Amino acid sequence: MNKILITGIVASGKTTLAKQLSSSLGIPWHELDAIVHHRTSEGRHKRTAEEQMEVIRGIDQSGAWIFEGVDRKSYRLLFEMADMVIFLDPPLWKRKMRIMTRFIKQNLGLEKCGYRSDIVMLKLMYQWTREFERNRSAFESFLHPYQEKVIRLADNDVREIPELHKMK
C-alpha cells in the first residue's frame with residue numbers, strides 16, 4: 001500500500017494527517033487544492049478538470065503518493081488509483097470550531113495559507129460544510145463501491161489506522 005487518498009470536508013484534518021503520514025512513511029504528499037489552483041508567474045490559476053486529471057496521472061506514474069483534499073469530480077479517479085482511502089469525518093461542531101480557529105490564526109499571521117483568508121472565504125468554508133452535510137448521503141453512496149479500502153476516522157489520529165503498521 002503506497003498510494004493513499006485522504007478525503008474529507010473543510011477542516012477535517014486532511015493536511016495534518018497527510019503531513020504525518022508523509023513523514024512517517026517517506027511518501028510524498030500532494031494537496032489537491034494546489035493541483036486545482038496552481039501558482040504561475042501571473043498569480044493563482046485554476047486548471048480545467050482535464051488538466052487536473054493530467055497532473056494527477058503524471059504524479060501517479062512516479063510511484064508512491066499521498067493525495068489530500070475535499071471531494072471533487074475532477075479527481076474521483078483517485079478512488080480507483082488509491083490502495084487506501086482515508087475518509088476523515090470529525091463531528092460537525094469540531095469542524096466549525098477548526099474553521100474559525102484557522103481563520104483567526106491566518107489573520108494573525110500564525111498560519112499560512114494559499115488563498116486569501118478574508119470574511120468571504122470564511123463564509124464559503126461554512127457554506128461548503130453545510131452543503132456537504134446536506135449532500136452527505138450522495139457522498140456515502142459514492143464511497144460504497146470502495147468500502148474494502150476505505151478507513152473512516154472521526155479525527156486525524158494516525159494511531160487509529162492499524163493498516164499503517166503493515167506498511168512500515
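A salt bridge is taken here as a side-chain nitrogen of Lys or Arg within 4 Å of a carboxyl oxygen of Asp or Glu. The structure is a predicted model, and a search of the whole of it finds 12 such salt bridges.

**Salt bridges around aspartate 89 and arginine 136**

One of these bridges pairs arginine 136 with aspartate 89. The pair links distant parts of the chain, with arginine 136 in helix 7 and aspartate 89 in the loop between strand 6 (84-88) and helix 5, 47 residues apart. Aspartate 89 also forms a salt bridge with arginine 152. That pair again links distant parts of the chain: arginine 152 belongs to strand 7 (residues 150-153), and 63 residues separate it from aspartate 89. Arginine 136, for its part, forms a salt bridge with glutamate 133. The table gives the closest approach of each pair.

| Basic residue | Acidic residue | Closest N and O atoms |
|---|---|---|
| Arginine 136 | Aspartate 89 | 2.8 Å |
| Arginine 136 | Glutamate 133 | 3.1 Å |
| Arginine 152 | Aspartate 89 | 3.5 Å |

The residues in these pairs are not alike in exposure to the surroundings of the chain. Arginine 136 has a relative accessible area of 19% and counts as buried, because the cut-off for that class is under 20%. Aspartate 89 is also buried, at 17%. Glutamate 133 is partly exposed, with a relative accessible area of 26%, and arginine 152 is likewise partly exposed, at 39%. Through shared partners, salt bridges join Asp89, Arg95, Glu133, Arg136, Glu140 and Arg152 into one network.

**The loop after helix 7**

Histidine 144 lies in the loop between helix 7 and strand 7. Its relative accessible area is 56%, so histidine 144 is exposed. Histidine 144 and isoleucine 9 are 135 residues apart in sequence, and their C-alpha atoms are 17 Å apart in space.

**Helix 1**

Helix 1 has 12 residues. From its first C-alpha to its last it reaches 16 Å, close to the 16 Å expected at 1.5 Å a residue. Its buried residues are Lys14, Leu17, Ala18, Leu21, Ser22 and Leu25. Seen down the helix axis, these buried residues fall within an arc of 130°, so they line one face of helix 1. Just after the helix, glycine 26 takes a positive phi of about 70°.

**The largest pocket**

The largest pocket has a volume of about 1400 Å³. Its lining comprises 44 residues, and Val10, Lys14, Asp33, Val70 and Arg102 lie nearest the centre. Lys14 is thus named both in this central group and among the buried residues of helix 1.

By residue type, the lining divides into 15 nonpolar, 13 polar and 16 charged residues. Several helices and strands each supply at least two residues of the lining: strand 1 (3-8), helix 1 (14-25), helix 2 (32-36), strand 3 (37-40), strand 5 (65-69), helix 5 (92-107), helix 6 (119-134) and helix 7 (136-143). Helix 5 gives the most, with six residues. Helix 7, which holds arginine 136 of the salt-bridge network, is also one of the contributors to the lining.

Note on methods. Residues numbered from 1 in each chain as written. Predicted model: local features only at pLDDT ≥ 70, side-chain atom pairs only at ≥ 80, totals over all residues. Heavy atoms only, no water. 1 Å grid on protein atoms, 1.4 Å probe; cavity = no way out; pocket = protein on both sides within 12 Å on 5 of 7 lines; lining within 4 Å. Points joined across faces, edges and corners; volume = space filled by probe spheres on them. Helix = DSSP H or I, 4+ residues; strand = E, 2+ residues; numbered from the N terminus. Nonpolar A, V, L, I, M, F, W, Y, C, P; charged D, E, K, R; others polar. Expected span 1.5 Å × (residues − 1). Buried < 20%, exposed > 50% of the residue type's maximum accessible area, 1.4 Å probe, protein only. Arc of directions from axis to C-beta.
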